[in-house]
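Please open the model in your viewer and keep the selection panel at hand. The tour goes through enclosed and open spaces, one stop at a time.

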Amino acid sequence: MILLISFCANLFAQKDSVRNIVQQRQLYFSDSTTTLTYNFSKLSPLFINNLMPKQTSRISIGHQLEKGKFVEAQGSTQTNTAFLSSEGVTELKGIRLFGSFYYKKVFEDSTRFAHQTRNNTTTPYYYGSPANNHYERSIYDFKVLGAKNILSDKFTVGLGLDYHIADHFSNNDPRGSVKEYQLNTKASLSYNFNQNIRLGLGYLLGYGQEKVTIGYKNRTYYESLTSPTYVNYLINGYGEPIPKTNKRNYNDFQNRSGMEASFEMANTKFGSFYLHGSQVDEKQVYDYRTGEEITELSHYNLSKLNLNLLWIKPVAKGKLSTHLTYENLTGEDYNLNYLAKNYL
C-alpha cells in the first residue's frame, strides 16, 4: 500500500503527457485479455512482435502463505513464499526485446521424504527421510527473448534464453543440500505469408545439473540405523527405499533438445488464433563422483509435449479470450541394478 500511494503521488506530479503514458501502461496490465496475451507471447520469440507492446515494463513484489495438514505425503504443512519480479519490453534498432528477472525465497516446514528441487518432480531417483525437515529455497530465473523482421518483413528471426539457478537446503538432520542450474536456448524462424498469417519453426537446446548431498550435525545419526526417523533413504523407481548410511550424494546431469512450432492467424471474422506446440526429449544421468572414479547410478529419459492455443475475439464492449493448454509427460528409467526398466 505504501508503494502504491507513493507511486500515485508521483504520478500526479508529472506532466499530462507522461501521466497518460503511465496510465495506459497500468491499464494494459489491469486488463485480463491483454495480460493473457502478454503472458502467452512469452512462449516464443516469434509472438513478441505482434502480441506485446513496443515498450512497457513492470515490477512486482508479493508474499504467499500456505498452511494446513491436509497435504501430499511429500508436501509441506506450512510454506512461506516471498517474491520479486521485474520484466519489460523495448525496441532497439528494429529488434523487439523482452527480458525478465524473477527471485523467490521459500521457507518450508515439515517436509518429509523429499530432498528435491521440486523442479524435477517425475524423477525416479532421489533421497528422502522420515524426519520433518525445514527447507529454505532461493530461486532465480532470468529470461530473454528477441525478434527481428528481415527480408521486407517476409521472415521473422527469433532467439530465446532461459536461465534458472537455485539453492535448497534444510537446517536440521538429515541436512539436505540441493543445488541446481538449468540453461535453455531456442532459435526460431517464421515465414510471414501476410500481415495476419505466419508459420514458424524453432529448435530448442538445453542442459542442467542437480547436485544433492545429505549430511548430519549429530554424529549419532551419521552411520547408524538405530534412530529410524533420521535415516536417509534412496528412493529408486517405484518405492524400494534403501537406507544410505554412506556415500549420500549424487549428481543428476540433464541434456535436452527438441522442436517447437507456432502458427498465427489474426483478424478473421471468427477472431484471432495463436497456436504453439513443443516436443522436448530429455536425458538424465545420475552418478556418484569421487576424486578417483565416476560411478553411474541410473538413467532416466523424459519426453515433454506442450500445446497452447490462444483465441481472441473483439466484441461490443471489449474482447473475449480463451487460453487452452495441454501437457503430457512420458518417462522411463533404466535401472543399473536390474539392468532393466523399473519406472514408467
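In this predicted model, the residues that line the largest cavity divide by class into six nonpolar, five polar and three charged. To find the place, select Gln116, Thr117, Thr123, Glu210 and Tyr250, which, of the 14 lining residues, are the closest to the centre of the largest cavity. The space that lies in this cavity comes to about 70 Å³. Next, colour strand 4 (125–128), strand 8 (197–215) and strand 11 (249–268), since each of these strands supplies at least two residues of the lining of the largest cavity.

The structure holds two cavities of 30 Å³ or more, and the second largest cavity has a volume of about 60 Å³. Keep strand 8 and strand 11 coloured, as each of them also supplies at least two residues of the lining of the second largest cavity. Now select Leu46, Phe47 and Ser190, then Arg198, Leu199 and Gly200, and finally Ser262, Phe263 and Glu264, and the lining of the second largest cavity is on display. By class, this lining has four nonpolar, three polar and two charged residues.

For the last stop, turn to the largest pocket, whose volume is about 1300 Å³. Select Lys143, Asp162, Asn184, Lys304 and Asn306, which are the closest to the centre of the largest pocket among the 42 residues that line it. If you then colour the lining of the largest pocket by class, you should find 10 nonpolar, 19 polar and 13 charged residues.

Notes:
Residues are numbered from 1 along each chain as its sequence is written. This is a predicted model: local features need pLDDT of at least 70, side-chain atom pairs count only at pLDDT 80 or more; totals for chains, interfaces and linings use all residues. Side-chain values use heavy atoms; hydrogens and water are left out. On a 1 Å grid over the protein atoms alone, a cavity is a set of points where a 1.4 Å probe fits but cannot get out, and a pocket is an open set with protein on both sides within 12 Å along at least five of seven lines; lining residues have an atom within 4 Å of a point. Grid points are joined across faces, edges and corners, and a volume is the space filled by probe spheres set on the points. Helices (H or I, at least four residues) and strands (E, at least two) are DSSP runs, numbered from the N terminus. Ala, Val, Leu, Ile, Met, Phe, Trp, Tyr, Cys and Pro count as nonpolar, Asp, Glu, Lys and Arg as charged, and the others, Gly among them, as polar.
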